[in-house]
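Subject: Structure for you to look at

Hello,

Here is the structure I promised to send. Please open it next to this email and follow along.

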Amino acid sequence: MAVLKKIYKFLSSMRFAIILLVILAAACILASFIPQGKDVDWYAATYSPRIAALITWFKIDDAFHSWWFLAITAFLCLNLLFCNLIRLDPLIRRTKDAASPGDPALANAVALEVSDPEAVFSRMRFRKPARTTQNGAQTLYACKNRAGLWGAWVCHLGILLLIVGFTLGQLLEVEYVVYGVPGQTRMIGDTELALTIDDFRVDLRDDDTVEQYVADITVRSLSEAHIGESESASISVNNPAKLFGMKFYQNATGWAARVSVKKDGEPLESEIVCAGEGLHMADNTSLVVFFNAFYPDYVFDPDSGPKTASGTLNNPAYLYSIYYGEDPIGMNVLESGETIKVNNYEIAFSDPQSYTLIQIKKDPYAWIALVGGLITMLGLFLALYVLPERVWAVRTEDGSWTMYGISKKRGTLYREDFLHAVTGETNP
């Protein structure tokens, strides 16, 4: 039992909390220096084999989802929980004691003789004081702002909920990505929701720099229970929308083009393909044309290769590659009006346009973090602005009154206010 008490005392101590916070800060700093979410081969090529192995084994490439980061977070939650549990009973007792007359020998209490104690209570904005007999002497007493005693406790509770909500969100958050051009409809991951891109535009400033990316979207339910239901919104960078319980973010943009295929001179297929995607031949899926990159204003630099001189569609060109199965059979830049000929297939690129990439997130535990944030703000308000005060007056044997007052949060300022209230002077 003694060992368990020592463990419990350490886990709930401020010392342990500080250790955890230092480790957590160091982990965040380390994660900021190591690029997150890269492939194993990327780390092996960027760092030495030993460092790359350590990064992979300790999951530093995904630090905020790693076992050790979750362990630190769990211990921090335990520390906050134990800390609050230990302080709950004493805090309840302090709150009850604050509603009763204090001991005249109470440390930090201010004592002054008065002739009309009830006038002092009134000037200090207390409710009508209660009356009792304490040690044979008539006593008047009152208190206010006892909720301020709970400031630190409530703040700890809010931080605990914030951490729990954020951690659960990181672990269990569902995320999807949908991209396309206006008019296209795509399914949202494994859900029964379909997203239609109604419109996408790039707003420019007077100097032709981008001011905002805006997408108009409609989400429709295909489930039997909600068939036909739809919700629409306009989203832009830093202005997401919430539809069907999920948040939709305008995340990125890029170039798309129409890839048209003819076989033996007859149209075979025509599809909008985004840069980074490929199109399989309809009658031979082993033959694939990949749309690697787009150059709105194509120029060829002998030193650096193909590039674009501007973002304006002056001389559009398309970087493509052709594969048969896994084997590359060709790669080049195709300018406007040119075609690719592979056996009896003829492939052309046209109609360049911007596509939008929409990020979709569903965090079922976001409300816990929100409640935690609100509770934390409430705790800070109680701790900083709700100042507990207790005042009592004791009638002595000669019929005079001695007034006592105490406020643990205000110190010298409270003494001055108490003095002004007792003497009836106006506080400057």
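Below is what was found in it, sheet by sheet.

This is a predicted model: local features need pLDDT of at least 70, side-chain atom pairs count only at pLDDT 80 or more, and totals for chains, interfaces and linings use all residues. Residues are numbered from 1 along each chain as its sequence is written, and side-chain values use heavy atoms, with hydrogens and water left out.

A few terms come first. Helices (H or I, at least four residues) and strands (E, at least two) are DSSP runs, numbered from the N terminus. Two strands pair if DSSP finds at least two bridges between them. Strands of a sheet pair through backbone hydrogen bonds, either parallel or antiparallel.

The five-stranded sheet

Start with the open sheet of five strands. Its order is 1-21-20-3-2, and the pairing is antiparallel. Strand 1 and strand 2 (130-134) stand at the edges. Each has a single partner strand, so one side of each has no neighbour in the sheet. From one strand to the next, the twist averages 25 degrees. Such angles run from 0 to 180 degrees between N-to-C directions; the axes are lines fitted to C-alpha atoms, for helices over the stretch in contact.

Now look at strand 21 (residues 401-406). How many of its residues are buried? Six of its six are. Buried means under 20% relative accessible area; exposed is over 50%, and partly exposed lies in between (1.4 Å probe, protein chains only). Both faces of strand 21 are covered. Trp401, Met403 and Gly405 are buried on one side. Thr402, Tyr404 and Ile406 are buried on the other.

Which strands pair with strand 21? Strand 1 (residues 110-114) does so over five bridges, in the antiparallel sense. Here Val114 has Trp401 as its bridge partner. Strand 20 (residues 389-395) also pairs with strand 21 in the antiparallel sense, over six bridges. Val394 stands opposite Thr402 there. Strand 20 and strand 21 form a hairpin with five residues between the strands. In that hairpin, Gly399 takes a positive phi near 90 degrees.

Next, go to strand 2. Five bridges pair it with strand 3 (residues 137-144), again in the antiparallel sense. Arg131 has Leu140 in strand 3 as its bridge partner.

Helix 9 (residues 412-423) lies across strand 1, strand 20 and strand 21. Helix 9 runs at about 5 degrees to strand 1.

The four-stranded sheet

Four strands form another open sheet, in the order 5-6-7-8, with antiparallel pairing. Its edge strands are strand 5 (185-187) and strand 8 (230-236), and each pairs on one side only. Neighbouring strands are turned by 25 degrees against each other on average, direction ignored.

Strand 7 (residues 210-221) and strand 8 run antiparallel and are joined by seven bridges. Ala215 has Ile235 in strand 8 as its bridge partner.

Ser236 is in strand 8 too. Is Ser236 buried or exposed? With a relative accessible area of 12%, Ser236 is buried. Leaving aside neighbours within four places in sequence, Ser236 is in contact (heavy atoms within 4.5 Å) with Gln212, Tyr213, Val214 and Gln250.

One residue in a helix

Finally, find Thr73 in helix 5 (residues 67-97). Thr73 counts as buried because its relative accessibility is 8%. Not counting residues up to four places away in sequence, Thr73 touches Ile163 and Thr167.

Best wishes
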